[in-house]
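Student: Could we go through this model and check how each descriptive word gets earned?
Tutor: Sure, let's put it up and take the labels one by one.

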Amino acid sequence: MNDTTEPIIRFDQVNKWFGDFHVLRDIDLHVARGERIVICGPSGSGKSTLIRCINRLEEHQEGRLVVDGIELTDDIKAIDRVRKNVGMVFQQFNLFPHLTVLENLTLSPMWVGKVPKKEAEEKAMVQLERVRIAEQAQKFPLQLSGGQQQRVAIARALCLTPRIMLFDEPTSALDPEMIKEVLDVMVELANQGITMVCVTHEMGFAKAVADRVIFMDQGQIVEQNTPGEFFTRPQNERSRDFLSKILGH
């Protein structure tokens, strides 16, 4: 079921609780193939939880969540199939410090995908080229800057040739001068037709890349619009308040 008109990600009335805390409330969200979504909102609004549900790092308790034609339930095989198509980049780079950059990239394709070493290394080098860091292949993560490490993490996610890339505040742990190099790589990826869902406070990136900006607050999608409309004419009081804080006007 890979009908091109069917949304690649579909939340229908999804709810999630952490204990008594209702973290996602009646989420309805359809993401088209190749669409680039930026999710923003104040801390604790449920943004990260929402995208972590897409590859079942968090499980929802009510509603339906369908990713690339597969409904996410407790079925482990279905979860594995979805995860093969979904790459994820976190705030922290989560690289193995005792492995070289190249080894970090080939580990999963070789062990999970059973790809031969030589082929895995060739594919890894292609992705390192893509994020403009191929010359660092033999270094260890801690020999790299934060921005370089995050680019390695993006390349690692791309090695599984995902149909969907999730980014959970990928620049928030970086020094300001490194943010641009990571965003530049993400902008390039965005122009290559991969479906992207990105939680970020980088509003310049949202303006440059997003097809749609989704604003969350208190576990709900409060507003969604094109970047042009969202930034110039936010419809909701909470969106206006958030933008005035983050953009300083």
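What follows is a chat about a few residues and some helix pairs.

Tutor: One reminder before we start: this is a predicted model.

Student: Okay, E35 then. Where does E35 sit?
Tutor: E35 is in the loop between β2 (21-31) and β3 (36-40).

Student: What makes E35 count as buried or exposed?
Tutor: Its relative accessibility is 14%, and buried means under 20%. So E35 counts as buried.

Student: Which residues does E35 meet?
Tutor: Leaving aside neighbours within four places in sequence, E35 is in contact with H30, I194, T195, M196, D211 and R212. There's also a local link: the E35 side chain reaches the backbone nitrogen of A32 at 2.9 Å.

Student: What makes that link to A32 a polar contact?
Tutor: The cut-off for a pair of N or O atoms is within 3.5 Å, and the E35 side chain reaches the A32 backbone nitrogen at 2.9 Å.

Student: Now L29. How do you know whether L29 is buried or exposed?
Tutor: L29 lies in strand β2 and has a relative accessible area of 3%. Against the cut-off of under 20%, that makes L29 buried. Not counting residues up to four places away in sequence, L29 touches I9, R10, F11, L50, R212, I214, I221 and Q224. Take I9 from that list: I9 and L29 are 20 residues apart along the chain, with their C-alpha atoms separated by 7.8 Å.

Student: And why is Q92 given the label it has?
Tutor: Q92 has a relative accessible area of 48%. Buried would be under 20% and exposed over 50%, with partly exposed in between, so Q92 is partly exposed. Q92 is found in the loop between β6 (86-89) and α3. From Q92 to T49 is 16 Å, C-alpha to C-alpha, with their positions 43 residues apart in sequence.

Student: T49 is in α1, right? What makes α1 mostly covered?
Tutor: Six of the eight residues in α1 (residues 47-54) are buried. Those are K47, T49, L50, I51, C53 and I54. Just after α1, R56 takes a positive phi of about 65 degrees.

Student: On to helix pairs. Why are α3 and α4 called oblique?
Tutor: Helix α3 (residues 101-111) and helix α4 (residues 117-130) pack at about 125 degrees, their axes 9 Å apart. Roughly perpendicular covers 65 to 115 and roughly antiparallel needs over 145. The angle fits neither, so α3 and α4 are oblique to each other. Their crossing is right-handed.

Student: Which residues make the contact?
Tutor: From α3, V101, L102, L105, T106, P109 and M110; from α4, K117, A120, E121, A124, M125 and L128. By class, that's nine nonpolar, one polar and two charged residues.

Student: How do you know what to call the orientation of α5 and α6?
Tutor: The axes of α5 (residues 146-158) and α6 (residues 176-190) cross at roughly 20 degrees and come within 8 Å. Angles under 35 degrees count as roughly parallel, so α5 and α6 are roughly parallel to each other. This crossing is right-handed.

Student: And which residues meet there?
Tutor: G146, G147, Q148, Q150, R151, I154 and L158 in α5 meet M178, E181, V182, V185, M186 and L189 in α6. The class count is seven nonpolar, four polar and two charged.

Definitions and conventions
Residues are numbered from 1 along each chain as its sequence is written. This is a predicted model: local features need pLDDT of at least 70, side-chain atom pairs count only at pLDDT 80 or more; totals for chains, interfaces and linings use all residues. Side-chain values use heavy atoms; hydrogens and water are left out. Helices (H or I, at least four residues) and strands (E, at least two) are DSSP runs, numbered from the N terminus. Buried means under 20% relative accessible area, exposed over 50%, partly exposed in between (1.4 Å probe, protein chains only). A polar contact is a pair of N or O atoms within 3.5 Å; within protein, one must be able to donate a hydrogen and the other to accept it, and residues adjacent in sequence count only if both atoms are side-chain atoms. Contact means heavy atoms within 4.5 Å. Axes are lines fitted to C-alpha atoms, for helices over the stretch in contact, and angles run from 0 to 180 degrees between N-to-C directions. A crossing is left-handed if the near helix is turned anticlockwise from the far one by less than a right angle, and right-handed if clockwise. Ala, Val, Leu, Ile, Met, Phe, Trp, Tyr, Cys and Pro count as nonpolar, Asp, Glu, Lys and Arg as charged, and the others, Gly among them, as polar.
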